[in-house]
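Visitor: Please take me closely through a single part of this structure, the place where the ligand sits, and explain what surrounds it.

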Amino acid sequence: MVSTASPAASVSPESLPDAYGRFGAFGGAYVPETLVTALQDLAQVYDTARHDPAYVEELNRHLKEFAGRPTELYFAERLTAHCGGAKIYFKREDLLHTGAHKINNAIGQVLLARRMGKPRVIAETGAGQHGVATAAVCAKFGLQCRVYMGAVDMERQALNVFRMRLMGAEVVGVEAGQKTLKDAVNEAMRDWVTNVRNTHYILGSALGAHPYPMMVRDFHRVIGKEARAQMLEREGRLPDEIIACVGGGSNAMGVFFDFIKDESVRLVGVEAGGHGIRQGEHAARFEGGKLGVLQGCKTYILQNADGQIELTHSVSAGLDYAAIGPEHAYYRDTGRVRYAYACDDEVMEIFQLCSRLEGIIPALESTHALVEGVKRAKEMGKDEILLINVSGRGDKDVNQVAKLLGVTLR
Ligand SMILES: *Cc1c(COP(=O)(O)O)cnc(C)c1O
């Protein structure tokens, strides 16, 4: 992948999305009529809340006391020396309660559910990280919680299923389709259509129908805001490049957003290259994906010639999804963000390298950003600064990695 200078988007990022939830040609709200009012109400409640000092104060308090914010900006000294180029910093979202950035959004939305007087929360989950974060906030605020999860994912991530149940959530296995994330989202939407009067749907990424992509992005903007202030304090200047992994795109939008207007800062999103860019063996939507509508949102989607959703694969369940958040599609087309991909074998190698050199076991999702980061650091000069968002920790992945390495744990 070539690195090109990134022209700033011509439109101010704050003005996106428009009143219809569109980021240029992407986004929108393609939903059944029964959900139109619910989505409009949600957009309204969110807009009032975010201008309400009491809501903002409470959100910030729980982000600090429950989630553990602010997270550290960490100088990866030995990884920097290993690469021999740019100075590498990590934004440590892996240090958050429940193990990943997902809790930022879960807290923001559970407070909205309470504000709307809805006693019941539903969520979808793939690897289980969003399910665990949602179960945690529902326990804390005493709300009823049901999480939909593909039956295949439930088996792969049995420990996260048990975690959710420990925190009082009901986990429902989905037997339809591929029995993974996409099917769990379908089931959650079906539930929401039926129970919308007493139920809030906490969607877990910057995806789906408006206002979700905007709202979820906003709840994660704290990542970039903190990183910006920490970098200025530490280095007296902004980083030259920021790299984040992209599943639906929430951790990446969160860390990118407050740097979009800084033309000197290159932004790079990393998708899952799986076994390589062959049909059905990856989840890199910008490598062959076409414009389409999936689960409420117009964006780049991996699909076959008939428009059927393509099979996807990645070693990391959190990046294994056929559609990408609409705001990423917009910044890709305007050229403001460059997109790369990392393949499973590279991820396995850098997962071990980071663990060994830094004493930090990153999530397999986050390791995709680290793969591109190691490549870029080597190409960049010693006077340059590279910031990598470590979106989560790898504790949830060690069983799977051991299996892939042929290590028997007992
Ligand atoms: C869920 C997850 C992701 C992918 O989701 P985005 O919305 O793209 O951020 C990335 N990293 C971790 C650790 C996750 O749990």
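Guide: A polar contact is taken here as a pair of N or O atoms within 3.5 Å, and with that cut-off in hand the surroundings of the ligand can be read from this predicted model. An oxygen atom of the ligand lies 2.8 Å from a polar backbone atom of Gly249, and the backbone of Gly248 likewise offers a polar atom, 3.2 Å from an oxygen atom of the ligand. From Ser205 the approach is made through the side chain, one of whose polar atoms is 2.6 Å from an oxygen atom of the ligand. Taken alone, the ligand would expose 390 Å², and the protein buries 96% of that area. There are 18 residues around the ligand, and those that come nearest are Lys102, Ser205, Gly247, Ser250 and Ser391; Ser205 thus belongs to this nearest group and also supplies the side-chain atom at 2.6 Å. As for the space itself, what the ligand takes up is the largest cavity.

For context beyond the ligand, two helices can be added. Helix α13, residues 364-379, is mostly covered, with 13 of its 16 residues buried; at 1.5 Å a residue it should span 22 Å, and because its end C-alpha atoms are 23 Å apart, the two values agree. Helix α5, residues 129-141, contains Ala133, which counts as buried because its relative accessible area is 0%, where the cut-off is under 20%. The C-alpha atom of Ala133 is separated by 28 Å from that of Phe26, a residue 107 residues apart from Ala133 along the chain.

Methods
Residues numbered from 1 in each chain as written. Predicted model: local features only at pLDDT ≥ 70, side-chain atom pairs only at ≥ 80, totals over all residues. Heavy atoms only, no water. Helix = DSSP H or I, 4+ residues; strand = E, 2+ residues; numbered from the N terminus. Expected span 1.5 Å × (residues − 1). Buried < 20%, exposed > 50% of the residue type's maximum accessible area, 1.4 Å probe, protein only. Near = heavy atom within 4 Å. Polar contact = N/O pair within 3.5 Å; in protein donor to acceptor, adjacent residues only side chain to side chain. Areas by Shrake-Rupley, 256 points an atom, 1.4 Å probe, with all protein chains shown as cover. 1 Å grid on protein atoms, 1.4 Å probe; cavity = no way out; pocket = protein on both sides within 12 Å on 5 of 7 lines; lining within 4 Å. Sits in = over half its atoms within 2 Å of the grid points.
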